[in-house]
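Trainee: Could we go through this structure together? I'd like to understand the reasoning behind the labels.
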Amino acid sequence: ALIAQSRGDLPRALAAIDEGIAFVERHGGRDPGSDLANRMFVATGKRAAILRSLGKLRESIAAYQDTIALVTAKYGATHAFLTPYLGNAAQMHSTLGEHALAIEMMRRALAIAQQRIARSPRLAEMNLAFGQLLTAAG
């Protein structure tokens, strides 16, 4: 998937990531106790990003929601791993004009980030993104 994506062949990248997800899923990747659970949420997050690049925003949001559910099941509702997925889903909602959902998701991401990664430069980026969402919402 990464090679196809680096070559700009997003449909092939999506097919490869879907194949990988199916494999991990068949071997228990959706079970939070599985050794494959991390691979599963990383793969579904990558799938969401590829879908976003293909302009398939609704499908991308669904894939981010799947990823968020997997991370939450594995690590809980306040784990730092959630922040990029929540932020990316928020951006997709904003792009679609769904500003209330975008703001809600970004607030959740920021709350987690402030609690878990307060000294990270990522927090400043998230605050900037949140400001942009608020501006877009009017």
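Mentor: Happy to! A salt bridge needs a side-chain nitrogen of Lys or Arg within 4 Å of a carboxyl oxygen of Asp or Glu. Keep in mind that this is a predicted model.

Trainee: What makes E25 and R30 a salt bridge?

Mentor: Their N to O distance is 2.4 Å, and the cut-off is 4 Å, so the pair qualifies. R30 also forms a salt bridge with D66, where the closest N and O atoms are 2.8 Å apart. That second pair links distant parts of the chain, with D66 in helix α4 and R30 in the loop between α2 and α3, 36 residues apart. E25, R30 and D66 are thus linked in a network of salt bridges.

Trainee: Why is R30 called partly exposed?

Mentor: Partly exposed lies between 20% and 50% relative accessible area. R30 has 33%, so the label fits. E25, at 37%, counts as partly exposed too, and so does D66, at 24%.

Trainee: And S60, how do you know whether to call it buried or exposed?

Mentor: Buried means under 20%. S60 has 0% relative accessibility, so S60 counts as buried. This residue is found in helix α4 and, leaving aside neighbours within four places in sequence, is in contact with A48, L51, R52 and M92.

Trainee: What does the salt bridge between D18 and R47 tie together?

Mentor: D18 lies in helix α2 and R47 in helix α3, so the pair ties together parts that are 29 residues apart in sequence. Their closest N and O atoms are 2.4 Å apart.

Conventions: Residues numbered from 1 in each chain as written. Predicted model: local features only at pLDDT ≥ 70, side-chain atom pairs only at ≥ 80, totals over all residues. Heavy atoms only, no water. Helix = DSSP H or I, 4+ residues; strand = E, 2+ residues; numbered from the N terminus. Buried < 20%, exposed > 50% of the residue type's maximum accessible area, 1.4 Å probe, protein only. Contact = heavy atoms within 4.5 Å.
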